[in-house]
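Visitor: Please choose one part of this model and take me through it closely. I am in my first year, so explain each term when it comes up.

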Amino acid sequence: GRRNPDRQSSLVAQEISLDKVLEPRIQEITSILMQSQKRTGGTRALNICTKRATIYTRYDMGQTIEEIAKTLQMPYETVKTYIKLTRKEIDIYLYRN
């Protein structure tokens with residue numbers, strides 16, 4: 001079947017606006033994750049922490065691992081691992097503070 005380009009762009013617009021709504025939470029989690037990074041000079045650590053924070057925030061608000069993997073075009077197992085690692089780091093952060 002043919003894809004509907006209007007529907008595709010509409011879904012992309014929804015995803016962008018969703019990230020805007022979640023932005024404060026994503027930034028909060030990113031800063032928590034950055035605290036455990038050993039090398040913070042470049043952009044790599046920040047990019048990875050932001051991606052993990054985005055995935056975790058979407059999961060936390062009720063999206064399934066499948067939905068997140070499909071939306072962000074990432075393997076299911078990677079998304080699942082990122083959620084698990086992020087949850088563990090947040091728990092450690094909350095325990096210390």
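Guide: What follows deals with the salt bridges and with the helices that carry them.

This is a predicted model, in which local features need pLDDT of at least 70 and side-chain atom pairs count only at pLDDT 80 or more, while totals for chains, interfaces and linings use all residues. Residues are numbered from 1 along each chain as its sequence is written, and side-chain values use heavy atoms, with hydrogens and water left out.

The setting comes before the detail. The chain has four helices and zero strands, which gives the pattern α-α-α-α along the sequence. Helices and strands here are DSSP runs numbered from the N terminus: H or I over at least four residues for a helix, E over at least two for a strand. Of the 97 residues, 28% count as buried. Buried means a relative accessible area under 20%, exposed means over 50%, and partly exposed is in between, using a 1.4 Å probe and protein chains only.

Now to the part itself. The structure holds three salt bridges. A salt bridge is a side-chain nitrogen of Lys or Arg within 4 Å of a carboxyl oxygen of Asp or Glu.

One of them joins Arg25 to Glu28, with 3.2 Å between the closest N and O atoms. Both residues belong to helix α1 (residues 5-34), where they are three residues apart, or about one turn of the helix. Glu28 has a relative accessible area of 42%, so it is partly exposed. Arg25 counts as partly exposed because its relative accessibility is 31%.

Arg25 has a further partner in Asp60, and the N to O distance in that salt bridge is 3.8 Å. This pair links distant parts of the chain, since Asp60 is in helix α2 (residues 44-60) and Arg25 is in helix α1, 35 residues apart. Asp60 has a relative accessible area of 47% and is therefore partly exposed.

Another salt bridge is formed by Glu89 and Arg52, at 3.1 Å from N to O. Glu89 lies in helix α4 (residues 76-96) and Arg52 in helix α2, so this pair ties together parts that are 37 residues apart in sequence. Which side are these two on, buried or exposed? Glu89 has a relative accessible area of 19%, so it is buried. Arg52 is buried because its value is 8%. As for shared partners, salt bridges join Arg25, Glu28 and Asp60 into one network.

The Glu89 and Arg52 pair leads on to the packing of their helices. Two packed helices are described by the angle between their axes and the distance between the axes. For α2 and α4, the angle is about 90° and the axes are 9 Å apart. Axes are lines fitted to C-alpha atoms, for helices over the stretch in contact, and angles run from 0 to 180 degrees between N-to-C directions. So α2 is roughly perpendicular to α4, a label given to angles of 65 to 115 degrees, while under 35 counts as roughly parallel, over 145 as roughly antiparallel and the rest as oblique.

On the α2 side the contact is made by Lys51, Arg52, Ile55, Tyr56 and Tyr59, and on the α4 side by Val79, Tyr82, Ile83, Leu85, Thr86, Arg87, Glu89 and Ile90. Contact means heavy atoms within 4.5 Å. Sorted by class, these residues are eight nonpolar, one polar and four charged. Ala, Val, Leu, Ile, Met, Phe, Trp, Tyr, Cys and Pro count as nonpolar, Asp, Glu, Lys and Arg as charged, and the others, Gly among them, as polar.

Helix α1, home of Arg25 and Glu28, holds Thr30 as well. Thr30 counts as buried because its relative accessibility is 7%. Leaving aside residues up to four places away in sequence, Thr30 touches Leu46, Cys49, Thr50 and Ala53.

Helix α4 includes Ile92, which at 38% relative accessibility counts as partly exposed. Ile92 and Ile32 are 60 residues apart in sequence, with 10.0 Å from C-alpha to C-alpha.

Over the whole chain, 55% of the contacts with a separation of 6 or more are between residues 24 or more positions apart.
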